Amino acid sequence: MARQRVRFTFSADMVREPIIYRLGHDFDVVTNIRRADVRADMGWVVLELDGTDDEIQRGLTWVADNGVRVDPIAGDVIEG
Amino acid sequence: MAFVKGLKCRECGREYPGDPLNVCDFCFGPLEVIYDYVTISEVISRDRIAGGPLSIWRYEDLLPASAEDPVDIMAGYTPLMKAKNLGKRLGLNNLYIKNDSVNPSFSFKDRVVSVAATKAVEFGYETLACASTGNLACSVAAHAARAGIDAVVFIPADLERGKVIGAAVYNPTLVAVDGTYDEVNRLCSEISDNYPWAFVNINMRPYYAEGSKTLGYEVAEQLGWRIPDHVVIPSASGAMFTKIWKGFNELACLGLLDGVEPMPFGADQNTVHHPAVTTRMHMAQAEGCSPIVWAWENQKNQIRPVRPDSIAKSLAIGNPADGIYALRVIRESDGSGYAVPENKVVEGIKLLAETEGVFTETAGGVTVSTLKYLAESGAIGPDELTVAYITGNGLKTQEAVEEVVNPLLVKPMMGSFEAALESRMAAGV
């Protein structure tokens, strides 16, 4: 089993979609929300995912394909 | 010795020991160093600082690593130049340039990496690592060489040759990742979870970021223990911006600034604001990657991540870790943010070079163009004490200004020279 910490950023048109529910329902991934700030025009959620490596990656690819930005929780780690 | 009490989450306030951690286990918020300021106030003085080395380690009492045996390539104590010519051009009579492009690996990153590397050695790490598109890679590789430990530096596979050489010369393990920016970002984050390495801006981040406070201390010391009315600072992650502000406030609270009474730090050390610190903090970003300025301009309380598309690659962080905190500093200081149009970045580089003889990289072009905008818009008054931070050297981004190379081509004869000179003068260039 693997564990990954990620940050999802939702644009205004994605804020109303049950993305996290579907990630847990359609993939074999346990989601655990730690902190969030969701408003009408945008939102973000930091959460921990448990599952196999492959299943987490499959789930995250699906999330990104649905227009949600997926980042490491600490923001960009590449610096100039 | 370091006066560190431990780490504290900026979001939920949970406290942790001073270990190599960067994220709160409970809420995933960022961790910050907390200090024993009571003891610091008993030992620190201007004289003690003046008696220290001519590097960032003169401020050892306010840094989170011990200065007994620092990993030091002599970062810091860079020139603060009165910029008379640039000031005249912009109508500013009291303008200074903090020229941090002359650090040993040619950028301000030496300040933060020196602290992170010292802390990494203190923790017993044998490998220093980072993911970078330039300046950070050079600094990490240089400091690892100095410390006699290994360096692993991740770079995008398409990084410009000059920058690759600038890091490779120190003989790190250079890993060129063939992928998009997001993929490189994610991979490095995962690697940091799985290898026992000191990633300077990941597991060392709370300590690393503190090195930027020295940019605030030095300016105050060089101005005779005064702080400016305005500062203009280029921003990527937002960390340096918040730490310069923190540096000014620490000096004020400790009573080290001229005519300023000390003040207790209170429960939240990282948001302390001494009323005597009236410096207005102006943030400079390039239009192609300006998520913090966008949030400020649009009065948002969240940072909307962007995909960077900017000539100023050293500022190209689309999802800035400290963006929200930097935004708060802009507001608290009554400062501002400006997103420089991409086509004005090179103008800024040339303006600084032509007026003050300082060759900066694209980030410096962003700073100077922001300064110009602030002066022209009246946000900075003619006699207000203003400092612009120049954080990287122009030799790193020479391709950005290739257009300036336009020599007179002459034969080795006086006639040829005179004809060419006359032709150039007639053209008025």
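This is a short talk on a two-chain model, going through its domains, its interface, its strands and its core.

Okay, hi everyone. Before anything else, keep in mind that what you see above is a predicted model. I'll begin with chain B, then go to where it meets chain A, and then pick out a few pieces.

Chain B is split into two domains. Domain 1 comes in two stretches, 72-106 and 212-402, and domain 2 covers 109-206. So if you trace the sequence, you go through part of domain 1, then domain 2, then back into domain 1. Going by C-alpha atoms, the centres of the two domains of chain B are 24 Å apart. How many residues of domain 1 of chain B are in contact with domain 2? There are 17 of them, and they meet 18 residues of domain 2. On the domain 1 side of that contact, you'd find 5 nonpolar, 8 polar and 4 charged residues.

Now, the two chains. On the chain B side, 34 residues are in contact with 19 residues of chain A. Three elements of chain B each put in at least two residues here: strand β6 (127-132), helix α5 (135-147) and helix α7 (181-194). Which of them gives the most? That's α7(B), with 6 residues. Sorted by class, chain B's side of this contact has 16 nonpolar, 14 polar and 4 charged residues.

There's strand pairing between the chains as well. Strand β5 of chain A, residues 78-79, runs parallel to β6(B), and 2 bridges join them. If you want to find the spot on screen, look for A:E79, which sits opposite B:S132.

While we're on chain A, have a look at its strands. β1(A), residues 2-11, pairs with β3(A), residues 42-51, in the antiparallel sense, with 10 bridges. A:S11 has A:M42 as its bridge partner there. On top of that, β3(A) is joined by 8 bridges to β2(A), residues 30-38, and that pair is antiparallel too. One partnership to look for is A:N32 with A:E48. Between β2(A) and β3(A) the chain makes a hairpin through 3 residues.

Back to chain B, and to strand β10, residues 230-234. Buried or exposed? Buried: 5 of its 5 residues are. B:H230, B:V232 and B:P234 point one way, B:V231 and B:I233 point the other way, and all of them are buried.

What does β10(B) pair with? One partner is β11(B), residues 280-286, in parallel over 5 bridges. There, B:V232 stands opposite B:H282. To get from β10(B) to β11(B), the chain goes through helix α10, residues 239-253, and this β-α-β crossover is right-handed. Another partner is β13(B), residues 386-390, also parallel, joined by 3 bridges. In that pairing, B:H230 is matched with B:T386.

Let's stay with β13(B) for a second, since B:I390 lies in it. B:I390 has 30 other C-beta atoms within 10 Å, and 20 or more is what it takes to be called buried, so this residue is buried. Among the residues B:I390 touches are B:I97, B:D100, B:V358 and B:T367. Here's a nice bit of folding: B:I390 and B:S107 are 283 residues apart in sequence, but their C-alpha atoms are 8.7 Å apart in space.

Next, helix α12 of chain B, residues 323-332. Why call it largely enclosed by the rest of the structure? Because 7 of its 10 residues are buried. Those include B:I324, B:Y325, B:L327 and B:I330. The buried ones pack against α10, β11, α11 (291-297) and β12 (336-340) of chain B. Just after the helix, B:D334 has a positive phi of about 60°.

Last topic, the core. As background, nonpolar side chains in soluble globular proteins tend to be buried together. In this model, the largest nonpolar core has 150 residues, and B:A116 and B:V140 have the most contacts inside it. Helix α10(B), the one from the crossover, gives the most to this core, with 9 residues. Both domains of chain B take part, with at least three residues from each. And to picture B:V140 itself, its contacts include B:V113, B:L128, B:C130 and B:V200.

That's my tour, thanks for listening.

Notes:
Residues numbered from 1 in each chain as written. Chains lettered and ligands numbered in written order. Predicted model: local features only at pLDDT ≥ 70, side-chain atom pairs only at ≥ 80, totals over all residues. Contact = placed C-beta atoms within 7 Å. Nonpolar A, V, L, I, M, F, W, Y, C, P; charged D, E, K, R; others polar. Helix = DSSP H or I, 4+ residues; strand = E, 2+ residues; numbered from the N terminus. Pairing = 2+ DSSP bridges. Buried ≥ 20, exposed ≤ 12 C-beta atoms within 10 Å, placed from the backbone. Right-handed = clockwise from strand over helix to strand, strands pointing away. Core = buried A, V, L, I, M, F, W, Y, C linked by C-beta atoms within 7 Å. Lists of a residue's contacts leave out its neighbours within four places in sequence.
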